[in-house]
Amino acid sequence: MIKLTTNHGVIMLDLNAEKAPKTVANFLAYVEAGHYDNTVFHRVIKNFMIQGGGFEPNMKQKPCKAPIENEAANGLRNKRGSIAMARTGDPHSATAQFFINTVDNDFLDFKSPSGQGWGYCVFGEVSEGMDVVDKIRAVRTGNKGFHQDVPADDVIIEKAEVV
Amino acid sequence: MILFISDLHLSPRSPGAMRLFLQFLAGRAREAEELYILGDLFEAWIGDDDSGDPFNAEVVAALRASSDAGLRISVIHGNRDFLLGDGFAAATGARLLGDPHLLSTPEWQFVLSHGDALCLDDATYMAFRAQVRNPAWQAALLAKPLGERRVIAAHMREVSEASQRDKDNPYSDLQAAATDDFLREHCYVTFIHGHTHQPATHDHIVDGIHVERWVLADWHEERGECLVWDGEALHREALTQENRP
């Protein structure tokens, strides 16, 4: 289990190492390195997802390790409460940033191993604290620099730990 | 706010730069009022009638979406996409500018160019340029079927790449004396150009007057750059790919 202590409450995550071994190992390595401590949910879209793990408060981007292989073809769905890896347009480019789906986002699921079809790799789900996720998804957002949908008041992951 | 970019050399062979550009158009660029593309947006453009090409169509659609959202887009021809024409302008909502182009804002004046016209020390290149910028030559080329143009474009690229292999730097720089003359002719306004792939800010003293010359950066698979005029000063802004779902 992973415990994310945020300034809105605690979110517990159940990771699926069986279905997404490389993605889980990658996420755990970031947790254990303390990477996520004092990062923010920097992209919050109420009826879509909350995304974090890449920026410190004030939108300072944190350095990451090498990108990982996309394991989105593992059958796990981007349903409400699932956690998946964010990435660039390159299917195999996920590093540290992740997101928690706040609604069922079928269109993010793997369809085919090509271009747009790759989808986003789900590697676990929220086991406790969905009420906290719902509090976060409802915060007021706006533009910061050229980032959109940034919470007006920082939503901070104070600590991420394996429990 | 005005943004300047150049030398993206977009092609299906550079998917990373393409993604950066699409992200830029949908995000960062929307915060500006104007976008100037100072040449070589495309690695190759063989005519506006090649819109059936899915890659070109995607770029055109993205430019059109930004135009429709209120961004004013202006394009100067480069040495790769010199065949961009009225069809492209109509499809994208962009306007095609002559080279050079004087840009007056309430706060400051600029002269914009691709930059290749001043590379006078490279005789081979200048001969090539004289040919491809000749309207009669262009008309004759555009009269050929698309398939034949594709073959010609591929051949031209091979010749260009072969000639570049023999040089330390494949992109020749602007000739100093010609640049000074150019700045003099344009009343010592700030000069912005691309083409050389040697991004830098140069200080010229012409007739005792200080003139700045900003050379735009070319784009790579992992990184692009735009130059930003915020009404007070110019600064460079790096563009990297955002992580998203």
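Strand β1 of chain B is covered on both of its faces: B:I2 and B:F4 are buried on one side, and B:L3 and B:I5 are buried on the other. The model described here is a predicted one, and β1(B) offers a good place to start reading it. The strand takes up residues 2-5 of chain B and is joined to β2(B) by 4 bridges, with the two strands running parallel. Within this pairing, B:I2 has B:E34 of β2(B) as its bridge partner, while B:I5 stands opposite B:I37. Between the two strands the chain passes through helix α1, residues 15-26 of chain B, in a β-α-β crossover that is right-handed.

Strand β1(B) also pairs with strand β10, residues 224-229 of chain B, here in the antiparallel sense and over 3 bridges. B:I2 takes part in this pairing too, with B:W229 as its bridge partner in β10(B). B:I2 is thus a helpful residue to pick out on screen, with a partner in β2(B), B:E34, and another in β10(B), B:W229.

Attention can now move to β2(B) itself. This strand, residues 34-38 of chain B, is mostly covered, with 4 of its 5 residues buried. Besides its pairing with β1(B), β2(B) pairs with strand β3, residues 72-76 of chain B, in the parallel sense over 5 bridges. B:I37 has B:V75 as its bridge partner in β3(B). The path from β2(B) to β3(B) leads through helix α2, residues 54-68 of chain B, and this β-α-β crossover is right-handed. B:I37 is another residue worth following, standing opposite B:I5 of β1(B) and bridged to B:V75 of β3(B).

A contrast to these covered strands comes from helix α6 of chain B, residues 146-165. Among its 20 residues, the count of buried ones is 0, and the helix is hardly covered. Its length can be checked against expectation: at 1.5 Å a residue, 20 residues should span 28 Å, and because the end C-alpha atoms are 29 Å apart, the two values agree.

Several loops of chain B hold backbone features that merit a look. Most residues other than glycine have a negative phi, and most peptide bonds are trans. The bond joining B:D99 and B:P100 is a cis peptide, with omega about 5 degrees. B:P100 sits in the loop between β4 (95-97) and β5 (101-104) of chain B. A positive phi, near 55 degrees, is found at B:H197, a residue other than glycine. B:H197 belongs to the loop between β7 (190-193) and β8 (200-206) of chain B, and it counts as partly exposed because 17 C-beta neighbours lie inside 10 Å. B:D207 has a positive phi of about 55 degrees as well, although it is not a glycine. The loop that holds B:D207 lies between β8 and β9 (209-215) of chain B, and the residue is exposed because it has 9 other C-beta atoms within 10 Å.

In chain A, strand β9, residues 122-128, is mostly covered, with 5 of its 7 residues buried. Strand β2 of chain A, residues 9-15, runs antiparallel to β9(A) and is joined to it by 4 bridges. In this pairing A:L13 stands opposite A:V126. Strand β7 of chain A, residues 82-85, is likewise antiparallel to β9(A), with 3 bridges between them. Here A:A84 stands opposite A:V122.

Elsewhere in chain A, A:V163 lies in the segment after β12 (156-162). This residue counts as exposed because it has 6 C-beta neighbours inside 10 Å. Leaving aside residues up to four places away in sequence, A:V163 touches A:M1 and A:K3. A:V163 and A:A96 are 67 residues apart in sequence, and their C-alpha atoms are 20 Å apart in space.

Finally, the two chains meet in a contact that takes 13 residues from chain A and 9 residues from chain B. The side of chain A that touches chain B has 7 nonpolar, 5 polar and 1 charged residues. As for confidence, the mean pLDDT of chain B is 92, and 98% of its residues reach 70 or more. For the complex, the predictor gives an ipTM of 0.75 and a pTM of 0.76.

Note on methods:
Residues numbered from 1 in each chain as written. Chains lettered and ligands numbered in written order. Predicted model: local features only at pLDDT ≥ 70, side-chain atom pairs only at ≥ 80, totals over all residues. Buried ≥ 20, exposed ≤ 12 C-beta atoms within 10 Å, placed from the backbone. Contact = placed C-beta atoms within 7 Å. Nonpolar A, V, L, I, M, F, W, Y, C, P; charged D, E, K, R; others polar. Pairing = 2+ DSSP bridges. Right-handed = clockwise from strand over helix to strand, strands pointing away. pLDDT = per-residue confidence, 0-100. Expected span 1.5 Å × (residues − 1).
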